[in-house]
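Visitor: I am new to this structure. Please show it to me, and then let us go through it by question and answer.

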Amino acid sequence: MRKAKNVSLDVALVAMAKELGLNVSRGCEAGLAAAIAEERRKRWLEENQDSIDASNAWVADHGLPLEKYRLA
């Protein structure tokens, strides 16, 4: 489903997109999707930083749990 929304875009970018035959709406949608994914990744890392640090500290102290089975 799609929703019409007014956005303000740089005139030069819109002109270049039209010159290249790009769909401006789809480009905006792709850019927004990328920005959302990046923000969600950033927030997940922030929310889970304590657990990540604890896991890294455990590995630093004890090594990888199954390290003896590694081939290389």
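Visitor: How far does α2 reach from its first C-alpha to its last?
Guide: This is a predicted model, where local features need pLDDT of at least 70, side-chain atom pairs count only at pLDDT 80 or more, and totals for chains, interfaces and linings use all residues. Residues are numbered from 1 along each chain as its sequence is written, and side-chain values use heavy atoms, with hydrogens and water left out. Helices are DSSP runs of H or I with at least four residues, numbered from the N terminus. α2 has 24 residues, and at 1.5 Å a residue (times one less than the number of residues) its reach is close to the expected value, being 34 Å.

Visitor: What distance lies between the end C-alpha atoms of helix α3?
Guide: Helix α3 covers residues 49-62, which makes 14 residues. At 1.5 Å a residue they should span 20 Å. The model agrees, with the end C-alpha atoms apart by 20 Å.

Visitor: Which residue caps the N-terminal end of helix α1?
Guide: Helix α1 holds residues 11-19. The backbone nitrogen of Ala12 has a side-chain oxygen 2.9 Å away. That is a polar contact (N or O atoms within 3.5 Å, one able to donate a hydrogen and the other to accept it; residues adjacent in sequence count only if both atoms are side-chain atoms). The oxygen belongs to Asp10.

Visitor: Which residue has a side-chain oxygen that reaches the backbone nitrogen of Ser25?
Guide: Look at the start of α2. There the oxygen comes to within 3.0 Å of that nitrogen. Its owner is Asn23.

Visitor: Which residue just after α3 takes a positive phi?
Guide: α1 is followed by Gly21, with a positive phi near 75°. After α3, the phi is about 80°. The residue there is Gly63.

Visitor: How many salt bridges does the structure hold?
Guide: A salt bridge is a side-chain nitrogen of Lys or Arg within 4 Å of a carboxyl oxygen of Asp or Glu. One of them joins Arg43 and Glu39, with the closest N and O atoms 2.8 Å apart. The total is three.

Visitor: Which residue meets Arg2 in a salt bridge?
Guide: The N to O distance is 2.5 Å. The pair links distant parts of the chain, 27 residues apart: Arg2 sits in the segment before α1, its partner in helix α2 (residues 24-47). Arg2 is partly exposed (from 20% to 50% relative accessible area; buried is under 20%, exposed over 50%, with a 1.4 Å probe and protein chains only), at 49%. The partner, partly exposed at 41%, is Glu29.

Visitor: What separates Arg41 and Glu38 along helix α2?
Guide: They form a salt bridge, the closest N and O atoms being 2.8 Å apart. Arg41 is partly exposed at 42%, and Glu38 is partly exposed at 42%. Because they are three residues apart in the helix, the separation is about one helical turn.

Visitor: Is Tyr69 buried or exposed?
Guide: Tyr69 lies in the segment after α3. Its C-alpha is 58 Å from that of Ala15, 54 residues apart along the chain. At 58% relative accessibility, Tyr69 is exposed.

Visitor: What volume does the largest pocket have?
Guide: A pocket is an open set of points on a 1 Å grid over the protein atoms alone, where a 1.4 Å probe fits, with protein on both sides within 12 Å along at least five of seven lines; lining residues have an atom within 4 Å of a point. Its lining counts 14 residues, with Lys3, Lys5, Ser25, Cys28 and Glu29 nearest its centre. The volume, the space filled by probe spheres set on points joined across faces, edges and corners, is about 400 Å³.

Notes
Helices (H or I, at least four residues) and strands (E, at least two) are DSSP runs, numbered from the N terminus.
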